[in-house]
Amino acid sequence: MNKIYITLISFIFAPAVAIAGANIVEGGAAQSQYDAEKAASKVLAQKDKKFILREGGSDTPKPKSMTLKVGEKLFIVNEEEKYTHNVYDSTDDSWVLQKQSPGGVAVISFDAPGEHKLRCAIHPKMKIKVKVE
Amino acid sequence: MIVIRRTCHNPSFSWGNWQPKGTGDKHQILGRKDPTILNLAWDEFYFWDGRAESLEEQALGPIEAAGEMNLPLDKALARVKSIKEYQPMFKKAFPSSKEPVTLENIAKAIATYERGIISDDAPFDNWLKGNEKAMSTSAKRGFVLFNKKANCAACHSGWNFSDSSFHDIGIDDNDIGRGKLVKVESMQHAFKTVGLRNIDRHRTYMHDGSLETLMDVINHYDNGFVKRPSLSSDIQPLNLTEQEKKDLVEFLKALTSDDKPVTLPNMPM
């Protein structure tokens with residue numbers, strides 16, 4: 001199973017505020033989850049070099065922030081026709097998704113409350129603050 | 001109000017520098033080409049590696065950088081304060097400040113001046129407005145290539161022909177660019193996508209100034225790039241014909257505007 005658990009930050013470089021762990025699934029496993037759960041899940045779509053937050057049946061273009069519960073899934077989906085994206089946690093560079101070609105899907109959840117500034121490395125105008133409660 | 005370093009950001013060279021690399025304190029040659037400051041008012045990332053996210057943040061960096069102007073900011077502030085002609089100018093610009101000559105206000109003044117450096121209409125714009133004679137047939141073919149076969153518009157998009165993205169475009173040097181700031185593989189050797197307005201006045205090209213002509217640039221993108229893991233997925237061999245390359249260069253030249261000459265002020269003493 002293509003499931004990658006990323007334990008954030010070694011004790012040596014631990015920042016003053018503990019940063020939550022992120023659970024990331026990419027590739028075919030993420031696609032399967034997305035196909036089964038997307039209607040009832042939060043989706044951060046990437047379209048026209050912008051983030052679009054999809055939740056509760058409505059789209060919010062260029063959202064500044066969003067909230068997740070601990071353990072709640074966020075699907076990150078490239079809906080472009082041709083642009084590649086590369087989302088990472090710019091709070092501390094502690095995790096990065098594989099480069100997402102059009103159609104690419106990843107799903108992420110967090111183990112503890114905290115704030116994460118997600119950004120596309122290639123197109124850094126694409127950014128959103130994720131508050132985990 | 002404050003004169004920008006015109007040796008690095010020369011209006012004669014589209015507010016950049018024709019030399020391949022910048023020249024810093026004691027005439028040392030810097031690692032990168034001086035970037036243009038044209039049309040930056042709408043941008044969000046400054047310096048080749050995007051390490052500043054506002055013009056105010058950017059403005060003071062080169063002043064104190066040891067390799068560049070090498071002037072500690074406290075000394076820079078003292079120097080500006082010692083020039084009496086600046087006092088009424090700062091008072092007028094910052095009327096609510098009791099002591100208007102501050103580093104913060106110096107940064108604001110420089111940034112505000114830079115936001116006014118904007119290119120005028122180019123032949124391309126006049127063509128868009130309906131003047132069919134504004135661009136040559138070759139340049140019009142180049143515009144089609146720019147958007148399709150050559151895929152330039154993947155990154156050089158919008159009115160200033162930049163989407164402010166960062167890419168490794170395969171320049172063969174050891175400068176890892178934004179990779180120093182963002183620990184992501186795709187950011188190794190990545191630099192900011194420059195706007196293309198007045199690009200033929202840059203005279204040297206890329207972050208290291210290693211290419212001397214626009215044709216060199218086209219040849220680089222055609223198949224002259226270094227292939228490595230961080231190379232942008234937008235960079236692929238293009239297999240352009242010689243005529244297509246010429247058409248692309250003609251289009252790029254059609255992005256140069258006939259801007260008004262810049263008048264140099266008398267320096268406050």
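The following exchange concerns contacts and helix packing in a predicted model.

User: Why are helix 7 of chain B and helix 9 of chain B called roughly perpendicular?

Analyst: Helix 7 (residues 137-147) and helix 9 (residues 242-253) of chain B pack at an angle of about 100°. Angles of 65 to 115 degrees count as roughly perpendicular, and the two helices are therefore described in that way. Their axes are 7 Å apart.

User: Which residues of helix 7 of chain B meet helix 9 of chain B?

Analyst: From helix 7 of chain B they are B:Ser138, B:Ala139, B:Arg141, B:Gly142, B:Phe143, B:Leu145 and B:Phe146. Their partners in helix 9 of chain B are B:Glu244, B:Lys246, B:Asp247, B:Leu248, B:Glu250 and B:Phe251. By class, this contact has six nonpolar, two polar and five charged residues.

User: What makes B:Gly142 a polar residue in this tally?

Analyst: B:Gly142 belongs to the helix 7 side of the contact. Gly is counted among the polar residues, so B:Gly142 falls in that class.

User: What domains does the assignment give for chain B, and how many residues does each bring to their contact?

Analyst: The assignment gives domain 1 (11-115) and domain 2 (123-253). Each of the two domains of chain B supplies 22 residues to the contact. On the domain 1 side, eight are nonpolar, seven polar and seven charged. The C-alpha centres of the two domains of chain B lie 27 Å apart.

User: How do you know that chain A and chain B touch?

Analyst: Residues count as in contact if their C-beta atoms lie within 7 Å. By that criterion, 14 residues of chain A contact 15 residues of chain B. The chain A side comprises six nonpolar, three polar and five charged residues.

Terms used: Residues numbered from 1 in each chain as written. Chains lettered and ligands numbered in written order. Predicted model: local features only at pLDDT ≥ 70, side-chain atom pairs only at ≥ 80, totals over all residues. Domains from an automatic or database assignment. Axes fitted to C-alpha atoms, helices over the stretch in contact; angles between N-to-C directions. Helix = DSSP H or I, 4+ residues; strand = E, 2+ residues; numbered from the N terminus. Parallel < 35°, antiparallel > 145°, perpendicular 65-115°, else oblique.
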